[in-house]
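User: I would like a close look at one part of this protein, the place where two of its helices meet. Could you walk me through that contact and then show me what surrounds it in the rest of the fold?

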Amino acid sequence: MKERFSESDEVPAGTVAHAPVITVRKASGPVKGVALVLHGGRANSFEPVRARHLSPARMIPFAALIHRRGAGHGLEVWTLRNRVRGWNGQEMSPLQDARWALAAIRKRHPGVPIYLVGHSMGGLVALCVADDPQVRAVVSLAPWLSETTPAEPVTGRRVLILHGDSDRWTSHRQSLRYAHRARPLATELHYVTVTNAGHFMVKKATLWHELTASFVLKCFAADTGAAVHPDGTLPARELLASDQPLSISV
C-alpha cells in the first residue's frame, strides 16, 4: 500500500511553482522506524523533477527492497522526489526538501528512528541532514562530496559509504577523505570500495541493493529490537565485520 503527498498540499493553491513529493510505502503494523530515500541530481538546474527522470527512478529498487524486508517489522519507507533537479549553489535546493521531509516524519511519527539512504547528490544531502534528532544511520551511495562537506552532522550516527572506483561523475577519493574526517565523530563508519563499478550502480547492482538494505535493517533491528530474519542483515554483518572499516573492497 502506497501513499503520496506533496508540500503543495500544505499551502494555498498556486503558492509554490514546484513542490517536493513523498511516496510512502507503509509498514504492515505499528511504525517503529522510517527509511527516507533521497535521489541524485545536478549541480545547477531549476527544472522540476519528474517521476520519469532516471535519478528518482534509480532509487526505486532500494526503497522496494528495504520495504520488502522491513515492512513486516514496522519499518516504513519514504521516498522523496525533490522539487528541482539541481543543488543550485547557496540555494541548496535538495537540502531544503530533505529538511521538509524529515519534519513531516517527525510530525507523523515522533520519536521513531530514521534511516537515510541517498545516491550522488542525495548522498551528500543524507550526510548533511544526519543531524536531525531522529536520524540514527546513513547510507551514502557514490556521494558528491568535497573538502568543504561538513562531517559534524554524522556525530553519533552509524554511517556506510559505498563508492565505485571507476566513478567518473563523483570522486571516490573525496569520499574516502570525508570518511577519514568523519570516522572519529560517528558511532561507526564503514567505507566500501565497489571495484570496477561506476556512478550509476548498474554494475554489481544486486550488491549495492543488498548491502544498503541489510545495513539499514541491521541498524533498525539494533535500535528497535525488531526480530529481522538473520538473512536480512547478513551481507552487512559479514562484510562490515572487518577490523579495517575504511579499507573494505567488494
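Analyst: Happy to. In this predicted model, the axes of helix α6 (residues 205-224) and helix α7 (residues 230-239) come within 7 Å and cross at roughly 95°. With that angle, α6 counts as roughly perpendicular to α7, because angles of 65 to 115 degrees fall in that class.

Which residues make the contact? From α6 come Glu 210, Leu 211, Ser 214, Phe 215, Leu 217 and Lys 218, and from α7 come Gly 232, Thr 233, Pro 235, Ala 236, Arg 237 and Leu 239. Sorted by class, the residues of this contact are six nonpolar, three polar and three charged.

Now step back along the chain to the loop between β8 (188-194) and α6, where Asn 196 is found. Lys 204 lies in the loop between β8 and α6 as well. Both residues deserve a look at their backbone. Most residues other than glycine have a negative phi. Asn 196, however, has a phi near 60°, a positive value in a residue that is not glycine. Lys 204 also has a positive phi, of about 60°, and is not a glycine either.

The strand before that loop leads us to the sheet. Nine strands form an open sheet with mixed pairing, in the order β1-β2-β4-β3-β5-β6-β7-β8-β9. Its edge strands are β1 and β9 (248-249), each of which pairs on one side only. Within the sheet, strand β3 (residues 33-38) and strand β5 (residues 114-119) pair in the parallel sense over five bridges. If you want a spot to zoom in on, Ala 35 stands opposite Tyr 115 in β5. A helix also packs here: α2 lies across β2, β3, β4, β5 and β6 (135-141), and runs at about 165° to β4.

Next come the open spaces. The largest pocket has a volume of about 310 Å³. Its lining takes in 16 residues, and Gly 41, Arg 42, Ser 120, Trp 169 and His 199 are the ones that lie nearest its centre. By class, that lining has six nonpolar, seven polar and three charged residues.

The second largest pocket holds about 240 Å³ of space. Here 13 residues form the lining, with Arg 4, Thr 23, Ile 60, Thr 79 and Arg 81 nearest the centre. The elements that give two or more residues to this lining are β1 (2-6), β2 (21-25), α1 (54-57), α2 (60-70) and β4 (75-81). The lining divides into seven nonpolar, two polar and four charged residues.

Finally, is there any closed space, and how many cavities of 30 Å³ or more turn up? A search of the whole structure finds one. The largest cavity has a volume of about 30 Å³, and His 39, Gly 40, Gly 41, Val 49, His 53, Ser 55, Pro 56 and Arg 85 line it. Two nonpolar, five polar and one charged residues make up that lining. Gly 41 is worth finding on your screen: this residue lies among those nearest the centre of the largest pocket, and it also helps line the largest cavity.

To return to your starting point, keep the α6 and α7 crossing of roughly 95° in view, then follow the chain back to Lys 204 in the loop between β8 and α6.

Terms used: Residues are numbered from 1 along each chain as its sequence is written. This is a predicted model: local features need pLDDT of at least 70, side-chain atom pairs count only at pLDDT 80 or more; totals for chains, interfaces and linings use all residues. Side-chain values use heavy atoms; hydrogens and water are left out. On a 1 Å grid over the protein atoms alone, a cavity is a set of points where a 1.4 Å probe fits but cannot get out, and a pocket is an open set with protein on both sides within 12 Å along at least five of seven lines; lining residues have an atom within 4 Å of a point. Grid points are joined across faces, edges and corners, and a volume is the space filled by probe spheres set on the points. Ala, Val, Leu, Ile, Met, Phe, Trp, Tyr, Cys and Pro count as nonpolar, Asp, Glu, Lys and Arg as charged, and the others, Gly among them, as polar. Helices (H or I, at least four residues) and strands (E, at least two) are DSSP runs, numbered from the N terminus. Axes are lines fitted to C-alpha atoms, for helices over the stretch in contact, and angles run from 0 to 180 degrees between N-to-C directions. Angles under 35 degrees count as roughly parallel, over 145 as roughly antiparallel, 65 to 115 as roughly perpendicular and the rest as oblique. Contact means heavy atoms within 4.5 Å. Two strands pair if DSSP finds at least two bridges between them.
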